Amino acid sequence: MSKSYRLAILGATGAVGTELLELLEQRNFPLADLKLLASERSAGKTLKFRGENIPVESVSDRAFDHLDIVLASAGGSTSKTWAATAVAKGAVVIDNSSAFRMHPEVPLVVPEVNPLAAVSHKGIIANPNCTTILMAVAVWPLHQVKPVKRIVAATYQSASGAGAKAMAEVKTQASAILQGQPPVAEVLPYPLAFNLFPHNSPLNDSGYCEEEMKMVNETRKIFGSQEIRITATCVRVPVLRAHSEAINLEFETPFSPDEAREILNHSPGVKLVEDWGSNHFPMPIEASGRDEVLVGRIRQDISHPCGLELWLCGDQIRKGAALNAVQIAELLVEKNLLKPTAAYAPS
Ligand SMILES: NC(=O)c1ccc[n+]([C@@H]2O[C@H](COP(=O)([O-])OP(=O)(O)OC[C@H]3O[C@@H](n4cnc5c(N)ncnc54)[C@H](OP(=O)(O)O)[C@@H]3O)[C@@H](O)[C@H]2O)c1
């Protein structure tokens with residue numbers, strides 16, 4: 001009989017948590033036990049899994065007893081509070097928050113890009129930022145053929161990137177506006193329905209926001225290359241689900257659109273969506289609920305002989321978070337990597 005594993009989802013009631021639950025069921029992850037953890041607010045609720053109502057427990061020290069894997073998606077401070085406990089009790093934590101992503105001892109893994117990084121884990125593996133994962137899946141196969149020198153990205157990020165409550169808020173705002181009422185913003189800093197605003201994460205002294213710097217620093221860590229020059233402008237748009245990105249790539253030598261298309265057509269996790277005749281290219285509405293990153297509008301940058309333009313859309317709750325985490329868990333199980341190389345000691 002094949003082995004099965006004891007797994008907990010920390011943050012099970014959230015946008016990413018509920019997607020994790022759905023994916024574990026859809027992908028038939030080998031489970032011996034499933035524990036659903038969230039804050040005290042959710043204790044007593046139930047969530048459906050394989051036809052059964054599973055109770056949600058409030059997170060506590062004891063909740064991490066006898067576990068093999070913890071999929072954490074309850075925010076950075078919750079991960080910082082509980083990850084070391086889970087690891088000390090023998091579990092591997094796959095963390096969706098930004099708490100450990102840039103820690104030198106923590107692998108930052110996109111299975112289509114750097115699966116081998118997972119081998120050296122010490123109990124915690126970080127799931128990259130959602131916008132970064134989507135870009136990495138599309139750019140990595142090209143970078144393998146001709147190294148990318150510079151990436152210029154502009155993002156169009158959906159409300160659900162800020163969690164389940166932000167998605168609900170945009171619906172409420174849209175409905176208020178359509179009824180002639182003023183929109184109320186409580187979760188997001190400004191009304192998003194029929195509006196957009198630069199990403200609301202904290203700004204640094206250079207004027208970049210945290211989300212933009214995640215794209216810069218995390219991509220370099222995942223690609224194992226500090227030389228790539230990357231700049232990004234991140235914008236929140238009134239789309240409920242799935243992020244879009246306009247990406248300009250500069251290579252050492254020219255990269256023809258047809259060559260890029262040919263490569264991306266055979267790249268894991270990528271689906272080419274290009275119908276030039278009817279001007280049909282990736283859209284968030286078509287990327288929602290899908291596993292692949294949709295890529296299209298690949299064209300020569302007319303301002304640079306070695307430049308290439310592309311457009312992508314990806315479900316950031318799915319490939320940008322939950323699916324990537326489940327793929328990492330599958331990788332650990334498949335390659336027998338659950339045992340850490342050494343225990344993680346948070347500094
Ligand atoms: N949304 C995305 O597209 C996305 C993409 C990539 C990464 N992420 C990351 O994934 C994490 C979760 O995001 P989300 O969008 O799913 O957020 P969310 O919808 O707001 O859900 C947050 C989850 O965390 C739980 N939680 C909050 N505070 C907690 C605490 N003190 N102790 C235990 N549980 C607590 C919540 O439980 P209650 O229901 O009890 O409050 C809920 O289950 C974040 O770190 C986020 O940055 C999100």
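Here is a chat about how two domains meet, and how a few strands pair, in a predicted model.

Colleague: Where does the domain assignment put domain 1 and domain 2?

Modeller: Let's start with the second one, which is a single stretch: the assignment gives domain 2 as 131-316. Domain 1 is written as two pieces, so to speak, and they are 5-99 + 321-334.

Colleague: How many residues of domain 1 are in contact with domain 2?

Modeller: The centres of the two domains, taken over C-alpha atoms, are 27 Å apart. For contact we look at heavy atoms within 4.5 Å. On the domain 2 side that gives seven residues, and on the domain 1 side the count is seven.

Colleague: What area is buried between domain 1 and domain 2?

Modeller: Carbon and sulfur atoms give 50% of that area. In domain 1, the residues that lose the most area to domain 2 are Ala15, Ala321 and Leu323, together 48% of what that side buries. Between the two domains, the buried area comes to about 570 Å².

Colleague: Why does the pair Arg27 and Asp291 count as a salt bridge?

Modeller: The rule wants a side-chain nitrogen of Lys or Arg within 4 Å of a carboxyl oxygen of Asp or Glu. Across the interface of domain 1 and domain 2, that rule finds two salt bridges. The side chains of Arg27 and Asp291 make the cut because their N to O distance is 3.9 Å.

Colleague: Which element gives the most to the side of domain 1 that touches domain 2?

Modeller: Two elements give two or more residues to that side: helix H1 (15-26) and helix H8 (318-334). The residues of that side divide into three nonpolar, two polar and two charged. With three residues, the top contributor is H8.

Colleague: In which sense do strand E2 and strand E4 pair, parallel or antiparallel?

Modeller: Strand E2 covers residues 31-38 and strand E4 covers residues 52-58. One spot to look at is Leu37, which stands opposite Glu57 in E4. Over three bridges, the sense of E2 and E4 is parallel.

Colleague: Which residue in the turn between E3 and E4 has a positive phi?

Modeller: Strand E3 (residues 46-49) pairs with E4 in the antiparallel sense, over four bridges. Lys48, for instance, has Asn53 in E4 as its bridge partner. E3 and E4 form a hairpin with two residues between them. In that turn, the residue with a positive phi, about 45°, is Arg50.

Notes. Residues are numbered from 1 along each chain as its sequence is written. This is a predicted model: local features need pLDDT of at least 70, side-chain atom pairs count only at pLDDT 80 or more; totals for chains, interfaces and linings use all residues. Side-chain values use heavy atoms; hydrogens and water are left out. Domain bounds come from an automatic or database domain assignment. Buried area is the accessible area (1.4 Å probe) that two parts lose on being put together, summed over both. Ala, Val, Leu, Ile, Met, Phe, Trp, Tyr, Cys and Pro count as nonpolar, Asp, Glu, Lys and Arg as charged, and the others, Gly among them, as polar. Two strands pair if DSSP finds at least two bridges between them.
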